[in-house]
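Hello,

Here is the structure I said I would pass on. My notes on it follow below.

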Amino acid sequence: MSGMPVLYVIGCAAPPVLKIQTLITSAIDRGWDTCLILTATADRWLADSTNTLTELTGNPIRTNYKLPGRPDVLPPADAMLVAPATSNTINKWAAGISDTLPLGLITEAIGKGLPLVALPFLNEAQAKHPAFSRSVEILRGAGVQILLGEEGPHGLGGGSGADFPWELALDRLEPAPTNTK
Ligand SMILES: Cc1cc2nc3c(=O)[nH]c(=O)nc-3n(C[C@H](O)[C@H](O)[C@H](O)COP(=O)(O)O)c2cc1C
């Protein structure tokens, strides 16, 4: 219990997740007690960085649901940031699917009324699928801030997301809510 507001960063398997350290460092600098939750695929992509990221956040990295009866290992969240958000996770989130820990957390966060920001990163073909625009509409209607670029989601031109607007996403969560725990 740090007394700082708690931010859950949910990282999905799109190229910018390989630079998630940038986001985490900035979130910590802004005063968030930062917890990293990775989708199973993102966890595989970051397998070599697990120790560094755990040390950086000071919290265990979570990917899987706990077993029934086990204690929560992370402090309760005050806000959540889904970045990068994949087409897969955005569409499942909008549909209310919660068959993984990251999806369960962000699905319930809507019901809890927590501040929620998502920064999608999709290629052009993924963005053109009709489910994506429908999902964005559903999630925005539920109060989720979905940050798109001028042309649509980031990532349309390919690349690794070197200019991914991590800071903009954090700006949207300011001022950080006061931790009440
Ligand atoms: C090299 C590579 C790059 C990918 N880039 C993207 C991407 O930019 N956006 C996206 O939505 N999915 C991308 N994918 C596909 C996702 O990784 C895949 O849909 C995965 O199931 C997403 O799972 P998650 O949403 O649970 O993280 C990429 C996959 C690979 C192998």
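Subject of the notes: ligand and sheet

The shell around the ligand is made up of seven nonpolar residues, six polar residues and no charged ones. Please keep in mind that this is a predicted model.

In total, 13 residues surround the ligand. The closest of them are Ala13, Thr39, Thr86, Thr89 and Phe121. Helix H4, which covers residues 87-94, supplies three residues, the largest share of the shell.

Which atoms of Thr39, Thr89 and Phe121 come close to the ligand in polar contacts? For Thr39, an N or O atom of the side chain is 2.7 Å from an oxygen atom of the ligand. For Thr89, an N or O atom of the side chain is 2.6 Å from an oxygen atom of the ligand. Phe121 uses its backbone instead: an N or O atom there lies 2.7 Å from a nitrogen atom of the ligand. As for the area, the ligand taken alone exposes 640 Å², and the protein buries 63% of that.

Now the sheet. In what order do its five strands run? The order is E2-E1-E3-E4-E5, the pairing is parallel, and the sheet is open. Its edge strands are E2 (33-38) and E5 (145-146), and each of these pairs on one side only.

Inside that order, strand E3 (residues 79-85) sits beside strand E4 (residues 116-120), and the two pair in the parallel sense over four bridges. One residue pair to look up is Leu81 and Val117: Val117, in E4, is the bridge partner of Leu81.

Strand E3 also holds Pro84. The peptide bond that joins Ala83 and Pro84 is cis, with omega at about -10°. You can find this bond by going to Pro84 in strand E3.

Helix H4 links the two parts of these notes. It contributes three residues to the shell around the ligand, and H4 also lies across E3, E4 and E5. Relative to E4, H4 runs at about 140°.

When you open the file, a simple route is to begin at the ligand with Thr39, Thr89 and Phe121, then go to H4, and then to the strands that H4 lies across.

Regards

Definitions and conventions:
Residues numbered from 1 in each chain as written. Predicted model: local features only at pLDDT ≥ 70, side-chain atom pairs only at ≥ 80, totals over all residues. Heavy atoms only, no water. Near = heavy atom within 4 Å. Polar contact = N/O pair within 3.5 Å; in protein donor to acceptor, adjacent residues only side chain to side chain. Areas by Shrake-Rupley, 256 points an atom, 1.4 Å probe, with all protein chains shown as cover. Nonpolar A, V, L, I, M, F, W, Y, C, P; charged D, E, K, R; others polar. Pairing = 2+ DSSP bridges. Contact = heavy atoms within 4.5 Å. Axes fitted to C-alpha atoms, helices over the stretch in contact; angles between N-to-C directions.
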